[in-house]
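Trainee: Could you take me through one part of this structure in detail, starting from a single residue and then working outwards to the packing around it? I would like to know how the judgement of buried or exposed is reached there.

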Amino acid sequence: MGSEANGGAAAIDLLRSAAPFLPDADLLLTPGTGLVLVDLVNGFCTVGAGNLAPVTPNKQIEKMVEESTRLAKVFCQRNWPVFAFLDTHHPDKPEPPFPPHCIIGSGEENFVPALEWLENDPNVTMRRKDCIDGYLASFEKDGSNVFSEWVAKFQIKTVLVVGICTDFCVLDFVSSTLAARNIGRVPPLEDVVIYSEGCATFDLPVEVARSIKGALAHPQDLMHHMGLYMAKSRGAKIVDGILEE
């Protein structure tokens with residue numbers, strides 16, 4: 001087991017060195033910036049809360065919740081706009097290939113305890129979503145888009161994105177938002193910024209994945225890196241620090 005673990009770590013280091021990227025300059029918070037929280041719900045973040053929740057305490061996820069909570073407080077204290085996605089599913093509508101998760105009424109679909117106060121904050125727009133991509137999940141039946149309308153209402157030029165999972169819901173939302181920006185669907189949006197310390201993904205080591213039929217290994221640090229890498233390749237800015245005026 002020891003030699004296998006060491007070999008896996010070496011392979012991860014090799015892959016990360018083969019796909020490196022430099023972070024952008026730290027983001028200075030200024031008016032015209034909106035905060036987007038992606039799926040900071042119990043079902044993804046709270047230990048033992050569901051099929052896709054961490055089984056044991058996880059430092060990367062804990063750091064993500066801590067940083068996201070800190071930024072949410074900063075934005076709300078300044079009366080700046082916050083948009084929060086909450087993964088929420090009906091029991092009769094599965095989301096393959098994932099097991100049932102964040103089912104309405106289970107509690108998994110609700111904010112983590114540290115962010116429950118957001119439900120009553122007037123600066124926050126909440127959007128429950130039933131698919132990975134928050135931008136797609138923001139469309140109404142009449143073709144309007146709640147997220148695009150939020151950007152326009154508050155004249156947001158920069159969105160700062162935090163949440164989980166870096167390489168799933170965060171990446172898909174960022175990619176779609178950038179594509180929409182490029183064709184003029186989210187004016188006056190200019191920049192999509194991901195705060196690396198405010199994002200996290202899950203960990204499924206290869207030795208565990210082998211015991212689960214159909215599962216793919218998902219080494220946390222590597223996939224977090226690759227999620228950020230792919231987002232940057234799509235045009236997002238990746239920052240390691242946030243500066244306050």
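Mentor: V112 counts as buried because its relative accessibility is 3%, and the limit for that word is under 20%. Please keep in mind that this is a predicted model. V112 sits in the loop between strand 3 and strand 4, the latter spanning residues 124-129. Once its neighbours within four places in sequence are set aside, V112 is in contact with L40, V41, N42, C45, T46 and V65. As a reference for distance, V112 and A18 are 94 residues apart in sequence, and their C-alpha atoms are 36 Å apart in space.

The loop between strand 3 and strand 4 also holds C102, which counts as buried because its relative accessibility is 0%. The backbone of C102 deserves a check, since C102 is not a glycine and yet has a positive phi of about 50°. P97 is found in the loop between strand 3 and strand 4 as well, and the peptide bond leading from P96 to P97 is cis, with omega near 10°.

Comparable backbone details appear in other loops. In the loop between helix 6 and strand 6 one finds P188, and the bond from P187 to P188 is cis, with omega near 5°. Q155 lies in the loop between helix 5 (146-153) and strand 5, and its phi, near 50°, is positive although the residue is something other than glycine.

From the loops we can move to the packing. The largest nonpolar core has 35 residues, and within it L29, L35 and L160 have the most contacts. Two or more residues come from each of strand 1 (27-29), strand 2 (33-38), helix 2 (42-45), helix 3 (59-77), strand 3 (82-87), strand 5 (158-164) and strand 6 (191-200). Helix 3 gives the most to this core, with 8 residues. Taking L35 as an example, and leaving out neighbours within four places in sequence, its contacts are L71, A72, F75, P81, V82, F83, W150, L160 and V162. A second core, separate from this one, has 28 residues, including V38, L171, L178 and I194.

Strand 6 offers two residues for a closer look. V193 lies in that strand and is buried, because its relative accessible area is 2%. Not counting residues up to four places away in sequence, V193 touches L27, T158, V159, L160, V161, K237 and V239. V193 and V82 are 111 residues apart in sequence, with a C-alpha to C-alpha distance of 14 Å. A200 is also placed in strand 6, and this alanine counts as buried because its relative accessibility is 0%. Beyond its neighbours within four places in sequence, A200 is in contact with Q60, I61, M64, G163, I164, C165, T166 and H224. For the pair A200 and Q60, the separation is 140 residues in sequence but 5.8 Å in space, C-alpha to C-alpha.

S176 makes a useful test of the cut-off. This serine lies in helix 6, residues 166-182, and with a relative accessible area of 19% it is buried, because the word applies to values under 20%. Apart from residues up to four places away in sequence, S176 touches D133 and Y135.

Finally, we can turn from the packing to the open space. The largest pocket has a volume of about 970 Å³, and 34 residues line it, with N51, L52, F202, L204 and H218 closest to its centre. By residue class, the lining of this pocket divides into 23 nonpolar, 6 polar and 5 charged residues. As for annotation, an unreviewed UniProt entry places the feature "domain: Isochorismatase-like" at residues 34-203. In the model that span is 31% helix and 20% strand, and the C-alpha atoms at its ends lie 29 Å apart.

Note on methods. Residues are numbered from 1 along each chain as its sequence is written. This is a predicted model: local features need pLDDT of at least 70, side-chain atom pairs count only at pLDDT 80 or more; totals for chains, interfaces and linings use all residues. Side-chain values use heavy atoms; hydrogens and water are left out. UniProt positions are given in the numbering used here, feature names are shortened, and annotations may be inferred rather than shown by experiment. Helices (H or I, at least four residues) and strands (E, at least two) are DSSP runs, numbered from the N terminus. On a 1 Å grid over the protein atoms alone, a cavity is a set of points where a 1.4 Å probe fits but cannot get out, and a pocket is an open set with protein on both sides within 12 Å along at least five of seven lines; lining residues have an atom within 4 Å of a point. Grid points are joined across faces, edges and corners, and a volume is the space filled by probe spheres set on the points. Ala, Val, Leu, Ile, Met, Phe, Trp, Tyr, Cys and Pro count as nonpolar, Asp, Glu, Lys and Arg as charged, and the others, Gly among them, as polar. A nonpolar core is a set of buried Ala, Val, Leu, Ile, Met, Phe, Trp, Tyr and Cys residues joined through side-chain atoms within 4.5 Å. Buried means under 20% relative accessible area, exposed over 50%, partly exposed in between (1.4 Å probe, protein chains only). Contact means heavy atoms within 4.5 Å.
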